[in-house]
Each structure stands twice: as structure tokens, then as C-alpha cells.
Amino acid sequence: MSRIGKLPIPIPAGVTLEIQPGFVKVMGPKGELSRSINPDMLVRIEDNKVMVERPTDQRLHRAFHGLTRALLNNMIVGVSVGYKRILDIVGVGYRAEAKDGKLVMSLGYSHTIDVTPLEGISFETGMDNATRMPFVVVNGINKENVGQQAAQIRSLRSPEPYKGKGVRYRGEVIRRKAGKSGKAGGKGKK
């Protein structure tokens, strides 16, 4: 039995599910999500919990068992709580501003960069009081879209290994490299 697939998914208050063969729709206070799933997987509601079962122990069914359960769990968490990803912006003069639903970023290029949000994504910007670093918060109910949008923003100016400047995920550790080291005394070899 799959360790992930056999776990029941609790249904929070205010969340409803519509289950059809090969299709699931989840509605909650934050919105609604729908997804097609493998029609072989058996999804049922029992005691206010969602159970996912597989018909056989074939390799394909074992693989889809845990995947289906994880996707359903992500949908339920998304419509009830939502997802967010925080990106820190490190660098002198680097900043971001949310304008008219878009994100306008200055990242050391000769021009500003406008980021159009994916469906269901919203942006928040702010300044960290302790470090005086700007940050961007990517909010949404679809975990895949939140991760995709955060990765797209990070790729606009990936952190470089010498000074650590760029856009990074909150808590991401950047491996730093030592810079050039000159010889002492300023004279070359004899």
C-alpha cells in the first residue's frame, strides 16, 4: 500500500467536493478548482474524509495512487487556506511594486520588467523591517500556478554566487564563491 495514497484527507468546514469518474471539483471559501484524474482511481467520501483507493497492485496503479491523493489534498488546502510563496529581492536599487494587478520590477537592467500574473494569482509587495530588503508575496489557490509564477519571477534575476544579488525564495541558501585573490605585495613571479 502506498504510504501517501492510503492516508485519508480531512475535509475542512466550508469545502465541498463533486466526484465523478475521472473528474473532481472542489469548492471552498477561497474559490473552486477542478481537475481530471486517472479514471481507474477510486475516490470516495467517508466520515467527512476523502479516501483514494487503487483497483490493483500494478505498477501504474501504484504510481497513480499517491499522485491522485496528493493532487486532491493540494486542491482542498488551496480552496480552504490558499498558498503563498515569498521571494526576497537582494541588491542595491532592486525593488518591486504591485500596480494594477501586475508586478513592476527594477532589477538592475536598463528597463523595468512587468510581470503579468497567471490565472488566480495575486501579488503583494513590502519591505522587511529588519533587513530593509524588498520582498514579493505570490498568492493563489492553485499550488502549481503559485510555484510556476514564483519560479518565473526568480528567473528574471537569479541569485549570483559572488555577492548573492538577485531574486531568491525566502529561506533559500545560496552557495557563495570566493572572489579573485590577488598576490600580496603587488609583484608577480620572478
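Visitor: Which residues of helix 2 are buried in this predicted model, and what makes them count as buried?
Guide: They are V146, Q149, A150 and I153. Buried means under 20% relative accessible area, so each of the four falls below that cut-off.

Visitor: How do you know where on helix 2 these buried residues lie?
Guide: Viewed down the axis of helix 2, they fall within an arc of 100 degrees, so they line one face of the helix. In general, an α-helix has 3.6 residues a turn, so residues three or four places apart point the same way.

Visitor: What covers that face?
Guide: The cover over the buried residues includes strand 7, strand 9, strand 10, strand 11 (122-127), strand 12 and strand 13.

Visitor: What makes the span of helix 2 close to the expected one?
Guide: Helix 2 has 13 residues and reaches 18 Å from its first C-alpha to its last. The expected span is 1.5 Å times one less than the number of residues, and for helix 2 that is 18 Å.

Visitor: Why is N142 called a cap of helix 2?
Guide: A side-chain oxygen of N142 lies 3.1 Å from the backbone nitrogen of E144, at the N-terminal end of helix 2. A polar contact needs N or O atoms within 3.5 Å, so this pair meets the distance cut-off.

Visitor: How do you know that strand 5 and strand 6 pair?
Guide: Pairing takes at least two bridges; strand 5 (residues 42-46) and strand 6 (residues 49-53) have five, in the antiparallel sense. L42 stands opposite E53 in strand 6. The two strands form a hairpin with two residues between them, and D47 in the turn has a positive phi of about 55 degrees.

How values were computed:
Residues are numbered from 1 along each chain as its sequence is written. This is a predicted model: local features need pLDDT of at least 70, side-chain atom pairs count only at pLDDT 80 or more; totals for chains, interfaces and linings use all residues. Side-chain values use heavy atoms; hydrogens and water are left out. Buried means under 20% relative accessible area, exposed over 50%, partly exposed in between (1.4 Å probe, protein chains only). The arc is that of the directions from the helix axis to the C-beta atoms. Contact means heavy atoms within 4.5 Å. A polar contact is a pair of N or O atoms within 3.5 Å; within protein, one must be able to donate a hydrogen and the other to accept it, and residues adjacent in sequence count only if both atoms are side-chain atoms.
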